[in-house]
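Hi,

Here is the structure I promised to pass on to you. Have a look at it first, and then read my notes underneath.

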Amino acid sequence: MYTGQQGQFRRIYRAFPIDAHPDGNKQHLNSGGMILMPPSALEVFSHPGVVLPLQLRLQNDESDEAVCTHCGVLEFTAGKGRVYLPQWMMETLELYAGDAVEIINKTLPRGTMVRLQPQSVDFLGITDPRAVLENAMHMYSALTVGDTISIEYNDKTYRLAVLETQPSPLAISIIETDLGVDLAPPIGYVEPPVSSLFPSIADRQQDCISSIAEDMRRREEDAKERHGVVKISTFKGQGRVLGSSKKLEHSSSSSSSSTSTSTTTSSDALSVRSPSVAEEPGDLHKMLPAGTDNDESLVPLDVPLGTLFFGYPRVPPPGAKLNL
């Protein structure tokens, strides 16, 4: 019946699922929020007092919690006294085929935001969910908090729960409005641990050090395979004593001494020596490393691969003054 007042259309129909429609080509309407009503309803809705766009409130007064939802009308092709609803709407209203449903004309505020929650992690497999939702919302005219709507993409059906709507906390109209959509994590989704996504700095440093060490070890093994024993020589040239024309030859044999450089000035000046060279035999024990005999053969400097050698400490001659 229609009371003659704005928004006061109220009538009870028998609800049936879309799949029960005489035209068997209506199954695609299950992924939408539109219903099919009888032609007699069109005559009522054509009354000048009915507010357009047409939006309806459907409620099941016989359920324990008096559940309700909101929708629009797609066609007026149903039989007399019947309405055909999408399957998700039948489940929301707790209706079975032939149950009574009350339909009331309503005016809903235009929505600005809706928060949806996919009911399966399969929704994460959609490459562009924003475009999919934008296209799917064309089949809806209203969204109600508590509904679990249905959309279809690539011949697969996805269910989404309506968690929140704005500006109204109950229901909104999504016709000709700029609607913001916020997606909650799907049911069953487990957030991966942060440590697995972002390794710590210490772990990355350790990986870098291990990589360098492994590269050095591999280079040493390759050199051994090509040349037998690896022998590292830090200097293969010749030196000259400052203030003298005497040349110091570098010996490559294992029994020869390493190259040395000696700088000598006046008796009060500083001398820079290698611990393996002494001006006088009596000074040798002062310059050699601890535990080295005077008559012991000196050997060339041999340091591990990759080690930097910056020379020996400065050793002043006996009686010299050290000016720092």
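Below is what turned up, going from the inside to the surface and then to the charged pairs. Keep in mind that this is a predicted model.

Let's start with the inside. As a general point, nonpolar side chains in soluble globular proteins tend to be buried together. Here, the largest nonpolar core has 40 residues. Those with the most contacts inside it are Ile35, Met37, Leu56, Leu58, Leu85, Ile103 and Ile151. If you want one residue to click on, try Leu58: leaving aside residues up to four places away in sequence, Leu58 touches Ile35, Val67, Cys68, Thr69, Cys71, Leu85, Met89, Leu93, Val101, Glu102 and Ile103. There is also a second, separate core of six residues, with Phe16, Ile18, Ala78 and Tyr84 among them.

Next, the outside. Val121, Leu124 and Tyr189 form a nonpolar patch on the surface, and together they have about 250 Å² of accessible area. You'll find Leu124 in the loop between β7 (113-118) and α3 (129-136). Leu124 counts as partly exposed because its relative accessibility is 49%, and exposed would take over 50%.

Now the charges. Searching the whole structure gives 10 salt bridges. One of those I looked at joins the side chains of Arg115 and Asp182, at 2.4 Å from N to O. This pair links distant parts of the chain: Arg115 sits in strand β7 and Asp182 in strand β12 (residues 180-183), 67 residues apart. Both ends are partly exposed, Arg115 with a relative accessible area of 26% and Asp182 at 34% relative accessibility.

Helix α5 (residues 201-227) is worth a look too. Arg217 and Glu214 both lie there, three residues apart, about one turn of the helix, and their side chains meet in a salt bridge (2.3 Å, N to O). Arg217 is partly exposed at 37%, and Glu214 is partly exposed at 36%. Glu214 and Arg217 also belong to a network of salt bridges that takes in Glu221.

The same helix, α5, holds Asp215 and Arg219, four residues apart, about one turn of the helix. Their side chains form a salt bridge as well, at 2.9 Å from N to O. So is Arg219 buried or exposed? With 54% relative accessibility, Arg219 counts as exposed, while Asp215, at 24%, counts as partly exposed.

Cheers

Conventions
Residues are numbered from 1 along each chain as its sequence is written. This is a predicted model: local features need pLDDT of at least 70, side-chain atom pairs count only at pLDDT 80 or more; totals for chains, interfaces and linings use all residues. Side-chain values use heavy atoms; hydrogens and water are left out. A nonpolar core is a set of buried Ala, Val, Leu, Ile, Met, Phe, Trp, Tyr and Cys residues joined through side-chain atoms within 4.5 Å. Buried means under 20% relative accessible area, exposed over 50%, partly exposed in between (1.4 Å probe, protein chains only). Contact means heavy atoms within 4.5 Å. Patches are made of residues with over 30% relative accessible area and no salt bridge: like charges are joined within 9 Å, nonpolar side chains (Val, Leu, Ile, Met, Phe, Trp, Tyr) within 5 Å. Accessible areas come from the Shrake-Rupley method with a 1.4 Å probe; for residues, only the protein chains shown count as cover. A salt bridge is a side-chain nitrogen of Lys or Arg within 4 Å of a carboxyl oxygen of Asp or Glu. Helices (H or I, at least four residues) and strands (E, at least two) are DSSP runs, numbered from the N terminus.
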